[in-house]
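Welcome, and please open your viewer. We will go from one selection to the next, with a short note on what to look for at each stop.

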Amino acid sequence: MAHSHSHDHHHDNGHAHDHAHHGDHHHGHGHGHSHAPANFGAAFAIGVTLNSLFVVAELVFGHAAQSLALISDAIHNLSDVMALLLAWGALWLSRRQPTDRHTYGYRRASILAALANAALLLIVVGGIGLEAIDRLRAPAPVASFTVMWVAALGIVINGATALLFMRGRHDDLNIRGAYLHMAADAGVSFGVVVAAGLVMLTGWLWIDPVVSLGIAAVVLVSGWDLARDSVNLALDAVPRDVALHDVRDYLTGLEGVSEVHDLHIWAMSTNETALTAHLVRPGGSNDAFLQRVCEGLSQRFNIHHATLQVEADGGVCKLAPADVV
């Protein structure tokens, strides 16, 4: 269940705050956790174990079949094990309690992990692309039957791991990163199976690298999206699923509020959003009003960490001009 709470503080002189108002200042702080992230610890443990075993299998059989495709896919899958470990570590860090030095805890680690994950995806794309171009220039014979069944095993393992993260991919950018890695891998494995089958049927060695390039393009698109979103969050951009103008309209439309300024919305982590704003409300404020606003922000916009300052005396706030951050 969502829960919001508000604190009402009164400062009776202008020195208690940046703003030289001699009226009362009200600060409301509310947060709830109706969309608290599910615990994906088990999903990460299963994913890391299965994929690590698969990497070993690919290396062993790739070497036996003299298949460069399988060996390079093993390296690709190894990068995914690293990505899963990175995301898992960030999830663990984000659940650590706040300290006097890190007052938000380590939530932002999830944003950094999503960023690192995206970088890893893009690097892997470059590796696949270079490998494919190399093989187009000098096609190499492939032990296609071995490649087919090992890659088929890859579809099962990567597909199953992707399903473990599927339900959390919309709520948490970090989980989405893990999901994209695994889904892309299942696609890679499927492409390898199809390519090996076609090579066996036709004898055309160039099919393998061409399919690899197609897969690289798919991974590039998903990695680019993840990179863009995680860079935006790292720069304190408004999260993609929150429309700033809708939040502003909601706050401006509140009973008694004549103006809203110094409105900021940013991501505390890949699944938690914070807001601060100054509300000009000539009639002043009380706990019930702040409680209603915090609950409204939580339910309508999934913003659980709202800190509001109510300005009642009509003085000009230093942070009111639009060009002041």
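## First stop: the cavity

Select Val142, Ser144, Val147, Val192, Ala195, Ala196, Val199 and Asp208; these residues line the largest cavity. Keep in mind throughout that this is a predicted model. The largest cavity has a volume of about 30 Å³, and the count of cavities of 30 Å³ or more comes to one.

Now colour the lining by class: six residues are nonpolar, one is polar and one is charged. Which helix gives the most to this lining? That is α5, with four residues. Helix α4 (144-166) joins α5 in supplying at least two residues each.

## Second stop: α4 against α5

Show α4 and α5 as ribbons. Their axes lie 8 Å apart and the helices pack at an angle of about 160°. Angles over 145 degrees count as roughly antiparallel, so α4 is roughly antiparallel to α5. The crossing in which α4 passes α5 is left-handed. Turn on the side chains here and you will find a contact with 21 nonpolar, seven polar and one charged residues.

## Third stop: α5 against α6

Keep α5 (173-202) on screen and add α6 (207-234). How do the axes of α5 and α6 cross? They come within 8 Å and cross at roughly 175°, which makes α5 roughly antiparallel to α6.

To see the contact, select these two groups:

- On α5: Leu173, Arg176, Gly177, Leu180, Ala184, Gly187, Val188, Gly191, Ala195, Leu198, Val199 and Thr202.
- On α6: Ile207, Asp208, Val211, Ile215, Val219, Ser222, Asp225, Leu226, Asp229, Ser230 and Leu233.

By class, the contact of α5 with α6 has 13 nonpolar, six polar and four charged residues. Some of these names should be familiar: Ala195, Val199 and Asp208 also line the largest cavity.

## Fourth stop: the largest pocket

Next, centre the view on His170, Pro239, Arg240, Asp241 and Thr270. Of the 25 residues that line the largest pocket, these are the closest to its centre. The pocket has a volume of about 500 Å³.

Which elements give two or more residues to the pocket lining? They are α5 and α6, the pair you have just looked at. The largest share, three residues, comes from α6. If you colour this lining by class as you did for the cavity, you get eight nonpolar, nine polar and eight charged residues.

## Last stop: α7 and α8

Finally, select residues 244-252 for helix α7 and residues 287-301 for helix α8. Their axes come within 11 Å and cross at roughly 150°. The two helices are therefore roughly antiparallel to each other. Here α7 passes α8 in a right-handed crossing, whereas the crossing of α4 with α5 is left-handed.

For the side chains, pick Asp246, Val247, Tyr250 and Leu251 in α7; they meet Arg292, Val293, Gly296, Leu297, Arg300 and Phe301 in α8. This contact has six nonpolar, one polar and three charged residues.

Definitions and conventions. Residues are numbered from 1 along each chain as its sequence is written. This is a predicted model: local features need pLDDT of at least 70, side-chain atom pairs count only at pLDDT 80 or more; totals for chains, interfaces and linings use all residues. Side-chain values use heavy atoms; hydrogens and water are left out. Axes are lines fitted to C-alpha atoms, for helices over the stretch in contact, and angles run from 0 to 180 degrees between N-to-C directions. Angles under 35 degrees count as roughly parallel, over 145 as roughly antiparallel, 65 to 115 as roughly perpendicular and the rest as oblique. A crossing is left-handed if the near helix is turned anticlockwise from the far one by less than a right angle, and right-handed if clockwise. Contact means heavy atoms within 4.5 Å. Ala, Val, Leu, Ile, Met, Phe, Trp, Tyr, Cys and Pro count as nonpolar, Asp, Glu, Lys and Arg as charged, and the others, Gly among them, as polar. On a 1 Å grid over the protein atoms alone, a cavity is a set of points where a 1.4 Å probe fits but cannot get out, and a pocket is an open set with protein on both sides within 12 Å along at least five of seven lines; lining residues have an atom within 4 Å of a point. Grid points are joined across faces, edges and corners, and a volume is the space filled by probe spheres set on the points.
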